[in-house]
Amino acid sequence: MGDSIFNCCYVPPHPPGEEEALRSRRAENMANSSHISSDKRFLIFFDFDETIVDETSDDMVVQTAPGQHLPGWLKDTYQPGRYNEYMQRVLAYLAEQGVTESDIRTIMEKIPATPGMLTLFQYLRTRPPQDFEVVLVSDANTFFIESWLRRNGARQLFHRIFTNPGTFNKDGRLVLRPFHSHNCQRCPENMCKQVIVRDYVARRTQERGRPYQRVFYLGDGANDFCPALILGPRDVAFPRRDFPMHRLITETHEAMPGDFKAVTVPWVSAEEVVQRLRKLVAE
């Protein structure tokens, strides 16, 4: 891991009020990891949108809008790198149109899983408890993710979920907040997954007193390429085939051989991930 990777993801100071909230969130994250047993052999990270589910949940929530589309004036407010702020406006608009918590949950619960994903979940469930520590890292939000996982009986599989907080206020509006801030030029302002993965691995390694045998990362998007950059040569990146993460890994191998260190296993069906994990677990 070169210094340049860590420099790109330096987390700058926050304003006093935000800093206090973020400190509280970090303390909560620490507490949430302390109950995880220290005997796990492997650590596996999952993205959510277009990795676990076969759609983007932010796109799916638009189906609750009148006519199942957003007005042009609202779509025109989007600015690159500030998608989280844009979704805050979308959710406020939906609430103004009478969209309820139940409406949004129903849409989330109907999103199909990606091919083979439920098979992968079942494989992880049936492994001995010391095999896998399972973590979700997503730029969606807590309500979308929890709704889908609970509907599909998968919530208990995940030891930790890192995502943007999404809670309903007293007026029935889903209020979205950014997960953190950072200084990575690759990632949207509200989330750098490399910062999350790097800090989690470092903290858990310290708590356990030893590293994991291997770290795995399943993703699809450009923001999943960033955390995969810090994986080592024994670790495995599982990019969804022909999606942005896969293309960025391929381009890096061609332009800067040796810079991307992890083994790369592209997948169309998550059953291919199961096949590779079976082999690695047996080694």
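These exercises look at charged side chains in a predicted model.

**Exercise 1. Place K40 and decide what its side chain pairs with.**

Step 1. Find K40 in the chain. It sits in the loop that runs between α2 (16–34) and β1 (42–46).

Step 2. Look for a partner of opposite charge. The nearest such side chain belongs to D39, 5.0 Å away. A salt bridge needs a side-chain nitrogen of Lys or Arg within 4 Å of a carboxyl oxygen of Asp or Glu. K40 therefore has no salt bridge, although K40 is buried.

Step 3. Look for a polar atom instead. The backbone oxygen of P129 is 2.6 Å from a polar atom of the K40 side chain.

Step 4. List the surroundings. Neighbours within four places in sequence are left aside. K40 is then in contact with P129, Q130, D131, F132, E133, H159, R208 and Y212.

**Exercise 2. Find which parts of the chain the salt bridge between R240 and D54 ties together.**

Step 1. Check the pair. The side chains of R240 and D54 meet at 2.6 Å, N to O.

Step 2. Locate both ends. R240 is in the loop between β7 (236–239) and α11 (244–255), and D54 is in the loop between β1 and α3 (57–60), so the bridge ties together parts 186 residues apart in sequence.

Step 3. Compare exposure. R240 has 9% relative accessibility and counts as buried. D54, at 27%, counts as partly exposed.

**Exercise 3. Are R204 and E133, which form a salt bridge, buried or exposed?**

Step 1. Start with the bridge. The two side chains of R204 and E133 meet at 2.9 Å, N to O.

Step 2. Place the partners. R204 belongs to helix α9 (residues 193–208) and E133 to strand β2 (residues 132–141); they are 71 residues apart.

Step 3. Apply the cut-off. Buried means under 20% relative accessible area. R204 has 1%, so R204 is buried. E133 has 0%, so E133 is buried too.

**Exercise 4. Describe the salt bridge between E283 and R214.**

Step 1. Give the distance. The E283 and R214 side chains meet at 2.6 Å, N to O.

Step 2. Place the ends. E283 is in the segment after α12 (271–282), while R214 is in strand β6 (residues 214–219), so parts 69 residues apart in sequence are tied together.

Step 3. Judge exposure. E283 counts as exposed at 61% relative accessibility, whereas R214 counts as buried at 10%.

**Exercise 5. How many salt bridges are there, and which residues form a network?**

Step 1. Count. The total is 14 salt bridges.

Step 2. Look for shared partners. Salt bridges that share partners join R41, R127 and D131 into one network.

How values were computed. Residues are numbered from 1 along each chain as its sequence is written. This is a predicted model: local features need pLDDT of at least 70, side-chain atom pairs count only at pLDDT 80 or more; totals for chains, interfaces and linings use all residues. Side-chain values use heavy atoms; hydrogens and water are left out. Helices (H or I, at least four residues) and strands (E, at least two) are DSSP runs, numbered from the N terminus. Buried means under 20% relative accessible area, exposed over 50%, partly exposed in between (1.4 Å probe, protein chains only). Lys and Arg count as positive and Asp and Glu as negative; His and the chain ends are not counted. A polar contact is a pair of N or O atoms within 3.5 Å; within protein, one must be able to donate a hydrogen and the other to accept it, and residues adjacent in sequence count only if both atoms are side-chain atoms. Contact means heavy atoms within 4.5 Å.
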